[in-house]
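User: I'd like to learn how to read this model before I lean on it. Can you walk me through it?

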Amino acid sequence: MSLLLRRRSRSETRSQEIRAEKARQPESKSDKPDKEQLAKHSHHQMRHNAPHASEQSLNKLGLVAGSGMGRRKTSAELISEAKMFLGESVGGAVPLMATGGARLVSTRRPITPRESGRVLYGKVALAGRPPSAFSMRYLQNEKPSTPRQLPALSGSGPATPMPTRNGALLCQSSTETLIELLKQHSGLKDCSDETVQHINAILQELYTRVRKQERSFKRGFILGGLYGLVECSSPRVLLAVARVVLALRVTGSNLTGACKLIFKVARHEQHDALFHEHDVLELLIDGLGHASPLDEPEACIYAYGCIRFLTASSAQERDDALNRNWIGLEGSGSSSGSESHPVPIAALMPPALSAISAGLCPRKLTGQQTLVSRLARHGAVELMILHLQMLNEAGATKRLQGPPLHTLYQLSAAMRALADVCQQQQRLQLQLQLACPHLIRAAEVSMGELEVQANVVRTLSVLSEDSDCCATLHNYAARIGLLLGPSCAGGGQCSERLLAVLSRLGYMLGNILAKHESARIQYFHNDVAMEYLLNVLEQLNDRPATSVALLDAQIKLIRVVANMSVNPEVGAGLGNVRSLGTVLLKLLSKTSDELAKKKSPEQQELLHATLGALHNLCFYQDKQAAVQPLAEGSLQSLIDDLSDALAKVLGHCQTSVTKVELARVLGNLTRNERARRCFCAAGGLPLMVQQLTKQAAGQDYELRTCAIGVLVNLLGDGEQRGPFLQLRGAELLSLLLRGSLEQEDWFLANIVCQALWNLLIDGQCAANLCQSGNILDEVSDLLADYLDEERLLPGENDKDNEEDEPEREPDDVDADVAETDADADGHDALWEDFALVATDLLERIQNNFDRQQQSQTLVLHQADNEDDNDVFIEEM
């Protein structure tokens, strides 16, 4: 016993020395110990293939029942802190698990239907909208309103013979001569490359003169020579005509005509390279600067349509790649196991950025990035924001309709396309950040116009993936939540467009609430926003899951609840919110039943999002709510039903990743005494033993640790220790302890020790185990062996191996020494954490043996005394 106490004293002394050393360090280096500790854990993890480890002393962790060791942390807290400390994330950016036993939930980006070609409005064609495919001929019916207006665009009439072509003479020709040359090609449609080159040379010379602002000619005269070329099939000629028209600083229908010419070319992806050859995009922005979205809406519609086409040529491919990779990650598995195991995705990092950082997504084309950069430098985003403000102001006094409403559609779509490539453009990123409040107002203005509102919200959802834009949006979290209200007003079947709005609102809110604590509190305390959220969840839950769009909307909205409940105040308060428990319980049962019939990625994701929300909420329901009566349908009022449902789902579950999520929820839920009783009454204890029996030597480390953590909580109740022994639980824990110690997985060994400690609190259980002797003897030998500090010292052979190594450069030697020191320090620190609890457990086991031996000695002594007394009485 003195040896054990001496070992524990050394561990405690070392901990005190570490704390004192940290206290002596200057405040400016406060981050350094954490980074060093993280490096230690990483080295240990790489060396011993242990997926997890805890930086906390297990003397501060673990038990639910009082045992003389102080308040210990729960299994969920053990696992959460280990994952948080190790920074389990893509690229090491941010931790997967939040502190305090709650974690954030991530979802894939909402699915966007792929259009077969470049069209203004997709498949929907409402009355009053300008067509995606148009003919320039219809302008011939318009009457000129100003002397400068582009003449009627007639495309008929035979072409006159072309004059001799000599490019050198163009510079010497007068402007009138150039116009006459163009008129000779009036009505031209199909033409040879030579003709195209000749016409372009004339138009280039004409453009050069117009840009010099020569006033020796009339605009109407120049426009008269251009209109005959608008039906030409050559995109080069059409862009050259548009350049000259825009260089004339036209307005009204002339500006609209120029925008339509550019749109006609931009409709086809094979023409994108032409926009890199000259300044037509800059001229287009200049022209829009003289236009108003209220007075010249058609010019804005076609201009912003051009920008959307040119900057979003691979945006759809990006969406497709993101979703394909998300599905692929869900289905990826380990070759060594019989069940599939998902690759972790960083919850705090938006899925789009995670995929890009991991190299999973195709990067934007260099040419596309160049166009975006040119637009940003020329003030395109500032102009878009200005037009957005003008539309919002008009919509505040009168409902937008007709062309101005359609302008809002195209403007928001163009801004969304720019946002898709804003990660590489710092200036553009800042400009889009300024647009966020105006887009929120636009979403409010377009209420009731689902097509337009869906596009605006889609733009906001993309912007919410950017950390800077998300920081701006978080101030409007509750206001964004209010957009949910009218979305499901009136009941009835949800249209695909309505579901798209709900999905993107949920996705945006989920991103915001995943990053900003103040947004969680703000949203929760807005009674109207919370009521709208609950109403939408209830209505969607009452509909049969017949479409992917419906499932996607539910996933995104459940994620809002999950990420909101990371905050302790919100998480506790949501436990007594009306109908939320009913919604989650129904989703849990319905989704698990559907998965049993037919597995689909969307159903699987919905189940995991639901379990993520339950995981966070259950952490704050460790005690029965003091507020009575409980709200109808609240989570607190359904603790019994939830415990029973989780046991049922776990019993039928065949997917390893889902079992892990279920075990995480149970790790938090079983901190509640009533939940523990209900879960065990539903057969929960045999289920957990069954999971551990399968995984005792399996590859699913996470399931093993989570299941042991649930046992730590269950064994905190005295009535569960006897049944656990009957299930041969002690042998199982001994096997798990041996396996973890042989792998030097000190974190897993710590949790097993916690379960053994709870089991040995019961005097009867301890006595039974002491009588059998084998199990506790094995545990004692294991602990004594691995508590031996000399076991961790390097062997003598290491020095011999060093002598055989070739001579290396000093820098290489220093790097290896630093790596070895970090590895050794990390290994030693992890062992110290294990040693604190293992020493206490070994001491408890030996005390039980001592008491058992004293009890047996006392019984024998009493028996001897009885014999002596009998003899003495006879003698008397």
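Analyst: Sure. This is a predicted model, and pLDDT is the predictor's confidence in each residue, from 0 to 100. Here the chain's mean pLDDT is 76, with 67% of residues at 70 or more.

User: Which elements have the lowest and the highest mean pLDDT?

Analyst: At the bottom is helix 2 (residues 32-48), with a mean of 38. Helix 22 (residues 517-524) has the highest, 97.

User: What should I do with the low parts?

Analyst: Where pLDDT is low, don't read the predicted coordinates in detail. Take residues 320-362: pLDDT is below 50 there, yet the stretch has 85 contacts in the model beyond near neighbours in sequence. Residues 796-800 are also below 50, and that stretch has zero such contacts.

User: Okay, on to side chains. How many aromatic pairs are there?

Analyst: Rings pair if their centres lie within 6.5 Å, and planes over 60 degrees apart count as edge-to-face. The structure holds five pairs. One of them is F263 with Y302, at 5.2 Å centre to centre and 65° between the planes, so by that cut-off the pair is edge-to-face.

User: Are F263 and Y302 buried or exposed?

Analyst: Both F263 and Y302 are buried. Together with F309, they form one aromatic cluster.

User: What does the F263 and Y302 pair tie together?

Analyst: F263 sits in helix 9 (residues 252-266) and Y302 in helix 11 (residues 297-311), so the pair ties together parts 39 residues apart in sequence.

User: Which arginines lie over ring faces?

Analyst: R243 lies over the face of Y207, 3.9 Å from the ring centre. R671 lies over the face of F619, at 4.4 Å from the ring centre.

Technical notes. Residues numbered from 1 in each chain as written. Predicted model: local features only at pLDDT ≥ 70, side-chain atom pairs only at ≥ 80, totals over all residues. Heavy atoms only, no water. Helix = DSSP H or I, 4+ residues; strand = E, 2+ residues; numbered from the N terminus. Contact = heavy atoms within 4.5 Å. Phe/Tyr/Trp six-rings, centres within 6.5 Å; stacked < 30°, edge-to-face > 60°. Buried < 20%, exposed > 50% of the residue type's maximum accessible area, 1.4 Å probe, protein only. Lys NZ or Arg CZ within 6 Å of the ring centre and 35° of its normal.
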